[in-house]
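Biologist: Please take a close look at one part of this model, a place where two helices cross, and explain how the pair is arranged.

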Amino acid sequence: MSFESMISRRLGDPPACDKDAKALQFIEEMTQNADGVQQNVLAEILSRNAQTEYLKRFNLDGITDRETFKSVIPMVTYEDLQPLIQRIANGDRSPILSAHPISEFLTSSGTSAGERKLMPTIKEEWDRRQLLYSLLMPVMNLYVKGLDKGKGLYFLFVKTETKTPGGLLARPVLTSYYKSDHFKTRPYDPYNVYTSPNEAILCADSFQSMYTQMLCGLYERKEVLRVGAVFASGLLRAIRFLQLNWPQLTHDIRTGSLNPKVIDPSIQECMTRVLRPDPELADFVAKECVNENWEGIITRIWPNTKYLDVIVTGAMAQYIPTLDYYSGGLPLACTMYASSECYFGLNLKPMSKPSQVSYTIMPNMAYFEFLPHDPNSSGHARDLPPKLVDLVDVEIDKEYELVITTYAGLCRYQVGDILRVTGFHNSAPQFHFVRRKNVLLSIDSDKTDEGELQKAVENAIQLLHEFNTSVVEYASYADTKTIPGHYVIYWELLVKDPTNSPSEKVLNQCCLAMEESLNSVYRQCRVADNSIGPLEIRVVKSGTFEELMDYAISRGASINQYKVPRCVSFTPIMELLDSRVVSVHFSPSLPRWTPERRR
Ligand code: AMP
C-alpha cells in the first residue's frame with residue numbers, strides 16, 4: 001500500500017501537499033513506534049539531566065532504563081517542587097532541575113497558594129511545540145478542503161509579563177509564543193494566513209488589540225474561512241465585543257479612519273495599509289448588528305466560515321450551546337491538547353463532535369505515564385505506592401491521571417488532568433479529556449477548587465459577625481448564560497437578630513470579599529481581561545438546603561453520606577435553588593489585582 005493511501009485509509013483524504021505528506025508521515029512513524037520513542041525520550045532526558053541536583057538526589061548514576069527510573073523516582077506535585085522552583089526564580093543558575101539553562105517561566109492557569117504556578121522551560125522546548133503546531137493544518141486539510149484559498153480570523157492575545165526576583169521572565173505560554181520569532185517571523189504558509197496583524201496580536205492592551213483584530217476581520221469578511229480563539233470563552237468575548245462596539249467599528253469602516261482610542265503606534269502604522277472607506281460594508285455590518293436577533297451572526301458576517309477553531313472540551317463544554325447559537329451550528333474543531341508544562345498531542349479527527357473528541361498524545365513530546373484513576377473512589381489504596389502505566393499500556397475505557405517527565409526537568413509530575421482512553425491510533429492511545437482534578441468553578445482560564453471557595457466564603461462571613469448572622473450552607477454555580485459569565489454563590493443565612501440583619505450594602509461587600517480571596521487567575525480575569533463578571537450572591541430562604549437534601553434522598557442518595565453539593569449544575573437542583581431566592585447581590589467593584597505575585 002502506498003503511503004498516501006495508508007494515510008487516507010487511517011486519517012481521511014489524501015494529504016493536500018508534500019509538506020502535509022511529510023507531517024502525516026511523521027505522525028504515523030511516531031504513533032507506530034510509540035513505545036520505542038518513549039523509551040528513547042526517557043533515556044535522553046535522564047542522560048542529559050543526570051548531573052542535575054534533582055536527579056542526583058536519587059543516585060540514578062546515569063542509569064536511563066525505565067525500571068530503575070520507576071523504582072527510584074517518586075511521583076510529585078507542584079507543591080513538592082515549589083522550593084526548587086523558587087530558588088530558580090530567585091536567581092540560582094545551577095542545574096537544579098534541568099541541565100539546560102531555564103530560559104523563562106511559563107505561568108500556568110493552575111494555581112498554588114493562590115498564585116499561578118511557575119513552570120520552568122528551556123529554549124529548545126519551542127522546537128518541540130512548533131513541531132506539534134506544524135502537524136495541525138496537515139491533519140485539518142485531510143477533512144476540510146481549500147483552506148489555502150482564504151484566511152483565519154483568530155482572536156489571539158498577549159498578557160502581561162513579569163520578572164522573577166532573579167530576573168527571569170514569567171508569562172503565559174501563548175504570550176511567550178506570540179512574542180517569539182517562531183510566530184513573529186513565521187514563513188508564509190497559504191494554509192496559515194490570519195486576518196489579524198501581528199501588531200494587533202502583540203499589543204498588550206486588550207481593548208486596542210481586540211478592536212483592531214475585529215476591524216481587520218470585518219474588512220476581510222469574505223476571505224475568512226475559519227474563525228477561532230484558543231478557548232471557547234475567548235471567542236464568545238469577541239462576539240460580545242462586537243455587540244458593544246459595532247457602532248464605532250462601522251463608523252471606522254465607513255470613513256476609513258481609526259478609532260482614536262487605538263493609540264498604539266505600531267497598530268496605527270499597520271492599519272494605514274488596511275483602512276479604506278467602504279460604506280457598503282459598513283451598512284451591511286450595521287444592518288446585521290442592529291438586528292436584535294444574533295442567532296447565526298458568525299455565518300451572516302463571515303459567510304464562508306467552514307468551522308470554528310476553539311477548544312470546547314473539558315470546562316469549555318459549557319459554552320457549546322452558545323457557540324452553536326451564534327454560529328448556526330458550525331462544526332467546532334478542537335485541534336490540540338497542551339499546557340504550560342508540556343504540549344501533549346493533537347486531535348486526528350478535528351471535525352468530530354465535541355463529545356467525541358479524542359487527543360492522540362505524541363510520544364516525542366515528553367515521557368508520559370498514567371496513574372489509574374477510579375472515578376468511584378476518592379483516593380487510592382492506602383500504603384500501596386501507586387503503579388503508573390506506560391503510554392502504550394493504558395486500557396480502553398479506563399480513566400487515568402496524566403503524569404509527565406519533561407526535557408525541562410519535571411520528573412513524574414502530576415499534571416492534574418483526568419483522561420479516558422477511547423482507542424488507539426497505531427500503538428499510541430487516544431484520550432478523551434474528562435476533567436481537571438479538583439476544579440469546582442471555571443468561567444475562562446480560572447480554576448477554583450473547593451478549598452478556595454470555602455476560604456472565600458469564610459472571609460466574607462467575617463463581615464456578617466457584627467450582625468450576628470451566619471451562613472448555614474452554601475453552593476455555587478458557574479453562570480455562563482451571560483457574557484462574560486460569572487460565579488453565583490447560593491447562601492442560606494441564619495439571622496439571629498432580625499432587627500439587625502445585614503443590609504444590602506453589606507451583602508454586596510460580601511461578594512467583593514469573596515472575590516478578594518479568590519486566586520490570582522480569577523482576579524486577573526476579572527480586572528485585566530474582563531472575562532469574568534461580578535460575583536453574585538443569591539440568598540435563599542431558610543430551609544432550602546434541607547429541601548435540597550430531601551430531593552437528593554428521594555433520588556436515592558444515602559442519608560448518612562449526603563454532602564451538600566458545593567457546585568451545582570443539574571437543572572432541577574438549580575431550579576429548586578432559584579425558586580427559593582429572596583435577594584440577589586453583586587460585587588460592587590473590582591477586586592485587587594496586579595501582575596506582581598504575592599509570593
Ligand atoms: P495552562 O497550564 O494554563 O496552559 O493550562 C493547561 C490545562 O488546560 C491543561 O492541563 C488542561 O487542564 C487544560 N486544557 C488544555 N488543552 C485542553 C483541551 N484541548 N481540552 C480540555 N482541556 C484542555
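Modeller: Helix 20 and helix 21 cross in a right-handed way, meaning that the near helix is turned clockwise from the far one by less than a right angle, while anticlockwise would be left-handed. The model is predicted, so local features need pLDDT of at least 70 and side-chain atom pairs pLDDT 80 or more, whereas totals for chains, interfaces and linings use all residues. Residues are numbered from 1 along each chain as its sequence is written, and side-chain values use heavy atoms, without hydrogens and water.

Helix 20 covers residues 544-554 and helix 21 covers residues 571-579; helices are DSSP runs (H or I, at least four residues), numbered from the N terminus. Their axes come within 10 Å and cross at roughly 155°. These axes are lines fitted to C-alpha atoms over the stretch in contact, with angles from 0 to 180 degrees between N-to-C directions. Helix 20 is therefore roughly antiparallel to helix 21, a term for angles over 145 degrees.

On the helix 20 side, Thr 544, Phe 545, Glu 547, Leu 548 and Tyr 551 meet Pro 572, Ile 573, Leu 576 and Leu 577 of helix 21; contact means heavy atoms within 4.5 Å.

Elsewhere, the largest nonpolar core has 168 residues. Such a core is a set of buried Ala, Val, Leu, Ile, Met, Phe, Trp, Tyr and Cys residues joined through side-chain atoms within 4.5 Å, and buried means under 20% relative accessible area (1.4 Å probe, protein chains only). Helix 12 (residues 232-255) gives the most to this core, with 10 residues. Apart from it lies another core, of 15 residues, including Ile 573 and Val 564.

Definitions and conventions:
Buried means under 20% relative accessible area, exposed over 50%, partly exposed in between (1.4 Å probe, protein chains only). Helices (H or I, at least four residues) and strands (E, at least two) are DSSP runs, numbered from the N terminus. Angles under 35 degrees count as roughly parallel, over 145 as roughly antiparallel, 65 to 115 as roughly perpendicular and the rest as oblique.
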